[in-house]
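User: I'd like a close look at one spot in this model, and then a walk out into what lies around it and elsewhere in the chain. Keep it informal, but give me the numbers.

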Amino acid sequence: MSVEANLNAVVSTLPPHVVLVAVSKTHPNQSIMEAYDQGQRVFGENKVQELTNKAESLPSDIKWHMIGHLQSNKVKYIVPFVDLIHGVDSLKLLTAIDKEAAKINRCIDVLLQVHIAQEESKFGFSPDELADVLSGNPMAGLPNVRIRGLMGMATFTDDLRQVRCEFAGLKQLFDKLKISFFADCHYFDTLSMGMSDDYLLAIEEGSTMVRVGSSIFGHRDYGQTL
Ligand SMILES: *Cc1c(COP(=O)(O)O)cnc(C)c1O
């Protein structure tokens, strides 16, 4: 199947309120352009170097989302052009983004990553930690970042009941935080959850943004250098 056919198949399953992030990591510019030519404009990458390389050489109306783990010292490389940073998992990182964004007079949209999976290795705030951080009202001192919502990844498992349960938990947390901390913020509207294997489930549980890679671009070959 071609990127074109795959993309159209995914798009045809999405309700209109759900944003599709086409996750193009490890895939060449040519594949991105195949999706671009079908009208796709939102692309996700998980490595700073790859993201900046692609952004420099591809059309400027692409909205680039950073979906991977981001180190504070690399924030400066993506702040000039990035559209949304999904994986903000510490107050330190949030502060670093604000600082770099202030230097160039931008306001950067971010999502706070929540640890919902059972696996140890995934990054993110625990729900309690997040409520704690937000109680300190960090937004007041960080005018150059705008918290648009939450992002989470389910456990890598065939147990769909568990995956559904984790997504439902994240949606509950989203609703709770919205009431407690973002009641007057029309922009707190984004819940990024769902990947190739589970995005339909995620949408059923309230996702507004799905990050789909292999279902569009095919399998990733990590052995290849870019
Ligand atoms: C790679 C990646 C995806 C896409 O995964 P697929 O299973 O290929 O759809 C989504 N989210 C994050 C954070 C990723 O790193």
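Is E50 buried or exposed? Which residues of helix 3 are buried alongside it, and what do they pack against?

Analyst: E50 counts as buried, because its relative accessibility is 10% and the cut-off for buried is under 20%. Keep in mind that this is a predicted model, so every number here describes a prediction. E50 is found in helix 3, which covers residues 48-57. The buried set in that helix is V48, E50, L51, T52, K54 and A55, so a glutamate and a lysine are on the list together with the valine, leucine, threonine and alanine. These buried residues pack against two helices, helix 2 (29-37) and helix 4 (75-78), and against two strands, strand 2 (42-45) and strand 3 (63-66). One long-range pair to note for E50 is K25: the two are 25 residues apart along the chain, with their C-alpha atoms separated by 7.7 Å.

Moving along the chain, R148 is another charged residue to look at. R148 lies in strand 6 and is buried, with a relative accessible area of 18%. That value is just inside the under-20% cut-off. A polar atom of the R148 side chain lies 2.9 Å from the backbone oxygen of Y187. Leaving out residues up to four places away in sequence, R148 touches L84, the run D109, V110 and L111, and the run Y187, F188, D189 and T190.

Just past strand 6 (145-152), T155 is found in the loop that leads to helix 7 (160-181). T155 counts as buried, at 11% relative accessibility. Its side chain also has a backbone partner: a polar atom there lies 2.8 Å from the backbone nitrogen of Q118. Beyond its neighbours within four places in sequence, T155 is in contact with A117, Q118 and E119, and with Q162, V163 and E166.

A117, one of those T155 contacts, has its place in the loop between strand 5 and helix 6. A117 counts as buried too, at 6% relative accessibility. For a sense of spread, take A117 and I97: they are 20 residues apart along the chain, and their C-alpha atoms are separated by 26 Å.

Next come the helices. Two packed helices are described by the angle between their axes and the distance between the axes. For helix 6 (residues 127-135) and helix 7, the angle is about 15° and the axes are 11 Å apart. The two are therefore roughly parallel to each other, and their crossing is right-handed. On the helix 6 side, the contact is made by P127, L130, A131, L134 and S135, while helix 7 brings in L173, L177 and F181. Sorted by class, that contact has seven nonpolar residues, one polar residue and no charged ones.

Now for the loops, where the backbone has a couple of quirks. N105 lies between helix 5 (91-103) and strand 5 (108-114), and its phi is near 60°, a positive value in a residue other than glycine. N105 is exposed, with a relative accessible area of 72%. N137 is found in the loop between helix 6 and strand 6, and here too phi is positive in a non-glycine residue, near 50°. N137 is partly exposed, with a relative accessible area of 42%.

Last, the stretch around helix 8. D197 lies in the loop that runs from strand 7 (190-192) to helix 8, and is exposed, with a relative accessible area of 71%. The C-alpha atoms of D197 and F156 are separated by 9.6 Å, with their positions 41 residues apart along the chain. A202 sits in helix 8 itself (residues 199-204) and is buried, with a relative accessible area of 0%. Its contacts, leaving aside neighbours within four places in sequence, are F167, M193, G194 and S207. A202 and F123 are 79 residues apart in sequence and 19 Å apart in space, C-alpha to C-alpha.

Notes
Residues numbered from 1 in each chain as written. Predicted model: local features only at pLDDT ≥ 70, side-chain atom pairs only at ≥ 80, totals over all residues. Heavy atoms only, no water. Helix = DSSP H or I, 4+ residues; strand = E, 2+ residues; numbered from the N terminus. Buried < 20%, exposed > 50% of the residue type's maximum accessible area, 1.4 Å probe, protein only. Polar contact = N/O pair within 3.5 Å; in protein donor to acceptor, adjacent residues only side chain to side chain. Contact = heavy atoms within 4.5 Å. Axes fitted to C-alpha atoms, helices over the stretch in contact; angles between N-to-C directions. Parallel < 35°, antiparallel > 145°, perpendicular 65-115°, else oblique. Left-handed = near helix turned anticlockwise from the far one by under 90°. Nonpolar A, V, L, I, M, F, W, Y, C, P; charged D, E, K, R; others polar.
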